[in-house]
Amino acid sequence: MKSVLITFDQAHYERIIATLDRLNCRGFTYWVQVKGRGSKTGDPHFGSHAWPSMSSAILAVVEDNQVEPLLKVLKRIDDAYQLLGLRAFVSNIEQFI
């Protein structure tokens, strides 16, 4: 199993939830507001007067064979809306209960 941490502009929420549903990625945790700044491009998402955008994050736990299809769709979303920002990070799940 893998965990996929998805950080994204809040405008992507419906697209990402629809993607998780369509790919049968059922288990996830959602954080409504997270703050951050991309490492290469894009505006900071600080929720301030100067930088009013906010980000959200989803941590999805998926089967190994679901990772590539999920990343492909997330990449298409990011490519279509580059100014909004979206990143995904994959890690191994060693154990869970």
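1. Let's start with the salt bridges: how many does a search of the whole structure find? There are two salt bridges. Keep in mind as you read that this is a predicted model. As background, side chains of opposite charge can pair when their charged atoms come close.

2. One salt bridge joins the side chains of Asp79 and Lys75, with an N to O distance of 2.9 Å. Both residues belong to helix H2, which covers residues 64-80. Asp79 and Lys75 are four residues apart, about one turn of the helix. Asp79 is partly exposed at 39% relative accessible area, and Lys75 is partly exposed too, at 49%.

3. The other pair to look at is Asp78 and Arg87, whose closest N and O atoms are 3.3 Å apart in a salt bridge. Is Asp78 buried or exposed? Asp78 has a relative accessible area of 13%, so this residue counts as buried, because the cut-off for buried is under 20%. Its partner Arg87 is partly exposed, at 41%.

4. Now turn to the surface, where Leu5, Trp31 and Phe89 make up a nonpolar patch. Together they have about 280 Å² of accessible area. Leu5 sits in strand E1, residues 2-9, and is partly exposed with 31% relative accessibility.

5. Finally, have a look at Thr29 in strand E2, residues 28-34. Thr29 is partly exposed, at 41% relative accessible area. Which residues does Thr29 touch, leaving aside neighbours within four places in sequence? Thr29 is in contact with Ala57, Ile58 and Leu59. Thr29 and Ala57 are 28 residues apart along the chain, and their C-alpha atoms are separated by 8.2 Å.

Notes:
Residues are numbered from 1 along each chain as its sequence is written. This is a predicted model: local features need pLDDT of at least 70, side-chain atom pairs count only at pLDDT 80 or more; totals for chains, interfaces and linings use all residues. Side-chain values use heavy atoms; hydrogens and water are left out. Helices (H or I, at least four residues) and strands (E, at least two) are DSSP runs, numbered from the N terminus. Buried means under 20% relative accessible area, exposed over 50%, partly exposed in between (1.4 Å probe, protein chains only). Contact means heavy atoms within 4.5 Å. Patches are made of residues with over 30% relative accessible area and no salt bridge: like charges are joined within 9 Å, nonpolar side chains (Val, Leu, Ile, Met, Phe, Trp, Tyr) within 5 Å. Accessible areas come from the Shrake-Rupley method with a 1.4 Å probe; for residues, only the protein chains shown count as cover. A salt bridge is a side-chain nitrogen of Lys or Arg within 4 Å of a carboxyl oxygen of Asp or Glu.
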